[in-house]
Amino acid sequence: YFLPNKEMQQAKIYFYVNGQPYNISEDVDYEAFNQYFSGGFSGLVMNEIREKRSMAYTAFGSVLTPSRQGIEAFLYGYVGTQGDKVADAVDVYMDLLKNMPLYPERLDNIKTYLRQSSLTDKPSFREASFVFDAWQKLGYTEDPAKVNMPKIDSLTFEQIESFYNKYIKDRPIVVVIMGDPKTINL
């Protein structure tokens, strides 16, 4: 979809891929994929679009999970770029979604990140009741860090690849581009 807006200085590109019903038993797989695909500057999206090709100011893509099990999760991606770089940025992002490059050597960094974020992601006393309620609604009966730490420790790169094949690869992709039609090669 193209949404023209003559007042926009930059172009905004959004990507959506519908997923499968969410289940907390796959929490670590979701987190590992998100870290691999869009984990800041070390993630594929930023690395391929911004670092290697200087095509974007901002770029990310994560599978967003709902607040309850059984509701579909979905991939939400974004690239903010100049109008003259839109077509190339879309091509690179689409290639990442259709043919995700595999770098198994990144697994140790992903596991370290997941361990540290699990151990440090504790609610303040003011937020605790809201966070505990959200965990219960998801189906957790204890701290997700306790439940997921053994899964993080045994995580393999094949799980990340399998998650990609199940939830992203070969699925329909919706692309929405917003920007000035005079600066974008339609």
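Is Asp 153 buried, partly exposed or exposed? Asp 153 counts as partly exposed, at 41% relative accessibility. Welcome to this predicted model, in which an open sheet of five strands and six salt bridges make good starting points.

**The sheet**
- The five strands follow the order 1-5-2-4-3, and their pairing is mixed.
- Strand 1 (2–4) and strand 3 (58–64) each have a single partner strand, so one side of each lacks a neighbour in the sheet.
- On average, neighbouring strands are turned by 10° against each other, direction ignored.
- Strand 1 and strand 5 (residues 174–179) run parallel and are joined by three bridges, with Leu 3 opposite Met 178 in strand 5.

**Helices on the sheet**
- Helix 1 (residues 27–38) lies across strand 2 (11–21), strand 3 and strand 4 (72–81), and runs at about 165° to strand 3.
- Helix 3 (residues 86–98) touches strand 2, strand 3, strand 4 and strand 5, and its direction makes about 20° with that of strand 2.

**Salt bridges**
- Asp 153 meets Arg 115 through their side chains (2.8 Å, N to O).
- Asp 153 belongs to helix 6 (residues 144–153) and Arg 115 to helix 4 (residues 107–120), so this pair ties together parts 38 residues apart in sequence.
- Arg 115 is partly exposed, with a relative accessible area of 25%.
- Asp 133 and Lys 137 form a salt bridge (3.2 Å, N to O), and both lie in helix 5 (residues 128–138), four residues apart.
- Glu 48 and Lys 52 form a salt bridge (2.9 Å, N to O), and a network of salt bridges links Glu 48, Lys 52 and Arg 53.
- Glu 48 is buried, with a relative accessible area of 7%.

Technical notes
Residues are numbered from 1 along each chain as its sequence is written. This is a predicted model: local features need pLDDT of at least 70, side-chain atom pairs count only at pLDDT 80 or more; totals for chains, interfaces and linings use all residues. Side-chain values use heavy atoms; hydrogens and water are left out. Two strands pair if DSSP finds at least two bridges between them. Helices (H or I, at least four residues) and strands (E, at least two) are DSSP runs, numbered from the N terminus. Axes are lines fitted to C-alpha atoms, for helices over the stretch in contact, and angles run from 0 to 180 degrees between N-to-C directions. Contact means heavy atoms within 4.5 Å. A salt bridge is a side-chain nitrogen of Lys or Arg within 4 Å of a carboxyl oxygen of Asp or Glu. Buried means under 20% relative accessible area, exposed over 50%, partly exposed in between (1.4 Å probe, protein chains only).
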